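Welcome! Please take a moment to look at the sequence and the 3D view, then try each exercise before reading its solution.

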Amino acid sequence: DKCKFVGLMKKNKYFDRWGKLVFESKDINFKWDGKVNGKIHPNQIFAYRLYVMGMDTKRYVFKGTITVL
C-alpha cells in the first residue's frame, strides 16, 4: 500500500535506542548522515519523529525507526 501526504515539515528528531536525542533539525531540506558526535555508528537502530503541518493546517507526528548499516 502507498500513502501520499502533502504538508510542510516543521521539525525532525532522531533518538538512539535509549531515547537520547542524537539529531534534530528544523531545516526542511535536512539530510541526516547517520553520524552521532561526528562518528558513524553502524548496525544501530534509531527512532525518529517527524513533525509536519498538513495542507489542512493540522499538525501531524510521524514515528518510526531507521537502521544505519
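The exercises below begin with the whole chain and then turn to single residues.

**Exercise 1. The overall picture**

Find out how many helices and strands the protein chain has, and in what pattern they follow one another.

Solution.
- Step 1: Keep in mind that this is a predicted model. The mean pLDDT of the protein chain is 84, and 91% of its residues reach 70 or more.
- Step 2: Look for the elements: the protein chain has zero helices and six strands.
- Step 3: Read along the sequence, and the pattern is β-β-β-β-β-β.
- Step 4: Add the dimensions: the C-alpha trace spans about 40 × 30 × 20 Å along its principal axes.
- Step 5: Consider how the chain meets itself. Among contacts with a separation of 6 or more, 43% are between residues 24 or more positions apart.

**Exercise 2. The nonpolar core**

Work out which residues make up the largest nonpolar core.

Solution.
- Step 1: Start from the buried share: 22% of the 69 residues of the protein chain count as buried.
- Step 2: Recall a broad tendency: in soluble globular proteins, nonpolar side chains tend to be buried together.
- Step 3: Here the largest nonpolar core has six residues, namely Y14, V22, W32, V36, F46 and V68.
- Step 4: Zoom in on V36. Beyond the residues up to four places away in sequence, V36 touches V22, H41 and F46.

**Exercise 3. A salt bridge**

Find the partner of E24 in a salt bridge, and say which parts of the chain the pair ties together.

Solution.
- Step 1: Recall that side chains of opposite charge can pair when their charged atoms come close.
- Step 2: The partner is K13, and the closest N and O atoms of the pair are 4.0 Å apart.
- Step 3: E24 belongs to strand β2 (residues 21-25) and K13 to strand β1 (residues 7-15), so the salt bridge ties together parts that are 11 residues apart in sequence.
- Step 4: Check the surroundings of each partner. E24 is partly exposed at a relative accessible area of 39%, whereas K13 is buried at 18%.
- Step 5: List what K13 touches, leaving aside neighbours within four places in sequence: L21, F23, E24, A47, Y48, R49 and Y51.
- Step 6: Count the salt bridges: the total is one.

**Exercise 4. A buried charge**

Is D16 buried or exposed, and what does its side chain reach?

Solution.
- Step 1: Locate D16 in the loop between β1 and β2.
- Step 2: D16 is buried but has no salt bridge. The nearest side chain of opposite charge is K20, 5.7 Å away.
- Step 3: Look for another partner: the side chain of D16 reaches the backbone nitrogen of W18 at 2.9 Å.
- Step 4: Setting aside residues up to four places away in sequence, D16 also touches V22, I45 and F46.

**Exercise 5. Positive phi**

Describe where N43 and T57 lie, and give the phi of each.

Solution.
- Step 1: N43 is in the loop between β4 (39-40) and β5 (44-54), and T57 is in the loop between β5 and β6 (59-68).
- Step 2: N43 is not a glycine, yet its phi is positive, about 55 degrees. T57 is not a glycine either, and its positive phi is about 70 degrees.
- Step 3: Finish with accessibility: N43 is exposed, with a relative accessible area of 62%, and T57 counts as exposed at 59%.

Notes: Residues are numbered from 1 along each chain as its sequence is written. This is a predicted model: local features need pLDDT of at least 70, side-chain atom pairs count only at pLDDT 80 or more; totals for chains, interfaces and linings use all residues. Side-chain values use heavy atoms; hydrogens and water are left out. Helices (H or I, at least four residues) and strands (E, at least two) are DSSP runs, numbered from the N terminus. Buried means under 20% relative accessible area, exposed over 50%, partly exposed in between (1.4 Å probe, protein chains only). Lys and Arg count as positive and Asp and Glu as negative; His and the chain ends are not counted. A polar contact is a pair of N or O atoms within 3.5 Å; within protein, one must be able to donate a hydrogen and the other to accept it, and residues adjacent in sequence count only if both atoms are side-chain atoms. Contact means heavy atoms within 4.5 Å. A nonpolar core is a set of buried Ala, Val, Leu, Ile, Met, Phe, Trp, Tyr and Cys residues joined through side-chain atoms within 4.5 Å. pLDDT is the predictor's confidence in each residue, from 0 to 100.
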